[in-house]
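User: I would like a close look at a single part of this model. Please take me through it carefully.

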Amino acid sequence: MSIWRVVLSIIFPPLAVADQGCGSFLIVLILTCLGWVPGVIGALIILNKAEKEEF
């Protein structure tokens with residue numbers, strides 16, 4: 001996970017996971033609408049999971 005993805009996750013979480021698929025984007029968008037902190041946490045979890053699957 002690059003530093004730019006982390007910064008983007010903090011600023012606007014749905015945009016950080018846009019390339020992970022429509023489902024991830026919608027989940028993070030809903031979490032962000034419920035509150036900024038859940039959206040950030042969700043985006044970081046999804047990005048961390050995607051990084052582990054690449055190896």
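User: Is R5 buried, exposed or partly exposed, and what is the relative accessible area of R5?

Analyst: In this predicted model, R5 has a relative accessible area of 26% and is therefore partly exposed, since that value lies between the 20% under which a residue is called buried and the 50% over which a residue is called exposed. The side chain of R5 meets that of D19 in a salt bridge, with an N to O distance of 2.7 Å, and the structure holds one such salt bridge. This pair links distant parts of the chain, for R5 belongs to helix 1 while D19 lies in the loop between helix 2 and helix 3 (22–34), and the two are 14 residues apart. D19, for its part, counts as exposed because its relative accessibility is 52%.

The helix that carries R5 also contributes to a nonpolar surface patch. That patch, of about 1200 Å², is made by I3, W4, V7, I10, I11, F12, L15, W36, V37, I41 and I45. The elements that give two or more residues to the patch are helix 1 (3–11) and helix 4 (36–54), and helix 1 gives the most, with five residues. F12, which is another member of the patch, is found in the loop between helix 1 and helix 2 (13–16), and F12 counts as partly exposed because its relative accessibility is 40%. Helix 1 thus holds R5, one partner of the salt bridge, and gives five residues to the nonpolar patch.

How values were computed. Residues are numbered from 1 along each chain as its sequence is written. This is a predicted model: local features need pLDDT of at least 70, side-chain atom pairs count only at pLDDT 80 or more; totals for chains, interfaces and linings use all residues. Side-chain values use heavy atoms; hydrogens and water are left out. Patches are made of residues with over 30% relative accessible area and no salt bridge: like charges are joined within 9 Å, nonpolar side chains (Val, Leu, Ile, Met, Phe, Trp, Tyr) within 5 Å. Accessible areas come from the Shrake-Rupley method with a 1.4 Å probe; for residues, only the protein chains shown count as cover. A salt bridge is a side-chain nitrogen of Lys or Arg within 4 Å of a carboxyl oxygen of Asp or Glu. Helices (H or I, at least four residues) and strands (E, at least two) are DSSP runs, numbered from the N terminus. Buried means under 20% relative accessible area, exposed over 50%, partly exposed in between (1.4 Å probe, protein chains only).
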